[in-house]
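Work through the following exercises with the sequence and the 3D structure open beside you. Each task is followed by a solution that goes step by step.

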Amino acid sequence: MNNMLWIARRLLRSTFRKRSSWVVYFGLPIAAILLSMLIYGSASGGSLRVGVLNQDGDKPMTQDTIHFVEGLNNVKITMTDEASMNKDIASGKLDSGLIFEEGFADSVRDGQPAHLRLVSAKGAEVTAYVKVLLDGYLVNVAAIGQATKNDADAFDAIYADYKKSSFKLDAESLEDAAKFKDMTYQSIGFLLMFLLTSAVNLCGLILKEREDRTFLRLLSSPLSARGFVLANVMVTFLIQALQIVITLLVLKYAFGIDSGVPFGVMLGTLLLFSLVAIGLALLLTAFSKNSRGAAALQTLIITPTCLLAGCFFPAEIMPDTVKKISSFLPQHWLLDTITKLQDGQALGSLGLNLAILVAFAAVFALVAIYRFSRNNDVRQFI
Amino acid sequence: MNVLEIRNLTKTFGDFIAVDNMNLSVREGEIFGFLGANGAGKSTTINMISSLLRITKGEVRLLGKDIVKENKFAKMNIGIVPQDLAIYEEMTAYENVSFFAGLYGLRGSLLKERTEEALEFVGLGDKHKALPKSFSGGMKRRLNIACAIAHRPKLIIMDEPTVGIDPQSRNYILNSVKKLNQMGCSVIYTSHYMEEVEEICTRIAIVDHGKIIAEGTKEQLKSIITDTKETWIGVKNAERLDLDALKGIPGVNAVRMEEQSVKIISRGEINNLNWVIQQLIRDQVEISSVEEQAPNLETVFLTLTGRNLRD
């Protein structure tokens, strides 16, 4: 055990002495989060960009409604004209458009809100948040209109009181959750690829020791071949755990993206995948004659399987055949687990997913151990 | 007392027998030369002694203990200087020695002391902070040795420790081997340079096809071939030489070409020099000198194995 820790200490020192390691192990996952944010949302950290087109003039009721929308959490409004609004929605500069048509204020005062349209190129998912809250607001004001009928003074008095009342909205919203889930899915997808790559890179150090002949000296010391491999596995697992923790912390606290899954559950699930990654890395190490061979296998296996499993884009958009193929890939089962956890399923109900991941890790590791033990050539080692 | 005893040692790879029922012993305080051409089985033997390869049959005892049963004890008491440099280029000389010594359980002030001692011993004390990539080939070889001796093993196995280095570093290493031996270490030394083996080894074994075919002091080995003589003939146009015709001359045991001269080993009682010279004349080879020499280890090796050590 002492020797294993001694080896682990050297591996960690050598790894983190190189600046490139910091970039590869921690910089890339963070860059992946940024990329996910670019793909799935604006750089403003998840706020909804709403263009407002006012065709109802400067009526107080219309202005108040615009202020109400402006005051919503995570909503940023831009006053615009009709031509610009359509162009900006189409180009993605705006997420949705709110059109106050002539007669809007009067219709609210009459207790029958009308002449208000909410448009979006991204569908109901994007408009739902504003629509629900706006409906709530207008229903209340319309109720005042209905209660006061044609008594304008009574309406103004009650409406003035209503405006004074404190009105606070919860920042949680349907639109945010959907967007953050997508960002999380994408970030985790990239992270899986980085975990697989870093596991293969780190286990590739075993091959490098073989090429550099230092393993001969290591194994002629009281260190056993098993201890040597375990030390490498230990270091790889530790670095992967750091990668996962840093990625999750950055995701949550630096970028404010709520994954929708408790931190501990997400960490545990990803650590399980880390074992799968290490198992695969050992398998590649066992079947590679040198580090170049391992790098070639890495390129041949990791990127295509990540692509098929849906690490780079949502699995739903893939053809059925590809979806079926992805069932044979561990990345698919991890992403499926995360998605189900985000949908509110408990970890305990995902036993099959977790068992499949454990099985992948075990099979990879056992085949690698069998291959190592069959090797009788000192030049090929273990 | 024997530091190392090898009894009926055998290693097979499938049908191929790499080491064939080998018997050997290395006494305490010896520098033991282990000679053999490439593929003779010496590396396989060394790898079994160092526990890098499983033994197929037989036993190896270090200081009286079976190396398989007492594996940790054996490993603690052996130091390996591999033929290929086994050092980390990204670590300083001090870190390299300290790391490998640490694998033998050394820690703290003792580790520091032994590391410094090993670096001083190989003449790299003032380079302890330098990275090996800034070292010459000879300095790297010396660092390779320092990594093997810091834990003070009883037996040091040196596999071609002087390959590809300058004469100055070679002398330094040879003197270091002698010094280690004076300090009480037993050494197994393999080399392709016969003159090194002659200079430092107290006893020598010649291995061929996985078997020890001769063993003893250099004088004892030379006495095996007292009935042979060695003739060096300097030639100018050696490419015209018909080596097979020379080998066919009565009494000729072996023929070896070396740049501008041909070495002929013959049975001592047969005077075949006239026939040799007639053959050279027939081949239209220009003779520049003829010299008869007393047999040396090279001759012994060539006679016994039919191969040059560098083959």
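**Exercise 1.** At which residues of chain A does UniProt place the feature "transmembrane region"?

*Solution.* The UniProt record, an unreviewed entry, places this feature at residues 21-43, 188-207, 228-251, 263-287, 294-315 and 350-370 of chain A; its positions are given in the numbering used here, feature names are shortened, and annotations may be inferred rather than shown by experiment. Before going on, note that this is a predicted model, in which local features need pLDDT of at least 70 and side-chain atom pairs count only at pLDDT 80 or more, while totals for chains, interfaces and linings use all residues. Residues are numbered from 1 along each chain as its sequence is written, chains are lettered from A and ligands numbered from 1 in the order in which they are written, and side-chain values use heavy atoms, with hydrogens and water left out. Now take two of the annotated spans: residues 188-207 of chain A are 100% helix and 0% strand, with end C-alpha atoms 29 Å apart, and residues 263-287 of chain A are 100% helix and 0% strand, with end C-alpha atoms 36 Å apart. Helices (H or I, at least four residues) and strands (E, at least two) are DSSP runs, numbered from the N terminus.

**Exercise 2.** Describe the interface of chain B and chain A, going from its extent to its pairs and then to the elements of chain B.

*Solution.* Start with contact, which means heavy atoms within 4.5 Å: 33 residues of chain B are in contact with 23 residues of chain A. The two chains bury about 2400 Å² between them, 57% of it on carbon and sulfur atoms, where buried area is the accessible area (1.4 Å probe) that two parts lose on being put together, summed over both. Next come the pairs, and the rule finds three salt bridges across this interface, a salt bridge being a side-chain nitrogen of Lys or Arg within 4 Å of a carboxyl oxygen of Asp or Glu. Glu95(B) forms a salt bridge with Arg17(A), and the closest N and O atoms are 2.8 Å apart. Finally, look at the elements: strand S1 (2-13), helix H2 (71-76), strand S6 (78-81), helix H3 (93-102) and helix H5 (137-149) of chain B each supply at least two residues of the side that touches chain A. Among the elements of chain B, H3(B) gives the most to this side, with five residues.

**Exercise 3.** How many of the 10 residues of H3(B) are buried, and what covers them?

*Solution.* Use the cut-offs for relative accessible area: buried means under 20%, exposed over 50%, and partly exposed in between (1.4 Å probe, protein chains only). By this rule nine of the 10 residues of H3(B) are buried, including Glu95(B), Phe99(B) and Phe100(B). Their cover includes helix H1 (2-17) and H9 of chain A, together with helix H4 (108-121) and H5 of chain B.

**Exercise 4.** Place three salt bridges in their elements, and say whether their partners are buried or partly exposed.

*Solution.* Begin with Asp336(A) and Lys340(A), whose closest N and O atoms are 3.0 Å apart in a salt bridge. Because they are four residues apart in helix H14 (residues 330-342) of chain A, the two are separated by about one helical turn. Asp336(A) is buried at a relative accessible area of 19%, whereas Lys340(A) is partly exposed at 27%.

Continue with Arg170(B) and Glu196(B), whose side chains meet in a salt bridge (3.1 Å, N to O). This pair links distant parts of the chain, 26 residues apart, with Arg170(B) in helix H6 (residues 167-182) and Glu196(B) in helix H7 (residues 194-200) of chain B. Both Arg170(B) and Glu196(B) are buried.

End with Arg203(B) and Glu215(B), which form a salt bridge with the closest N and O atoms 3.0 Å apart. Arg203(B) lies in strand S9 (residues 203-208) and Glu215(B) in strand S10 (residues 211-216) of chain B, 12 residues apart. Arg203(B) is buried, with a relative accessible area of 6%, and Glu215(B) is partly exposed at 34%. Salt bridges that share partners join Arg27(B), Glu30(B), Arg203(B) and Glu215(B) into one network.
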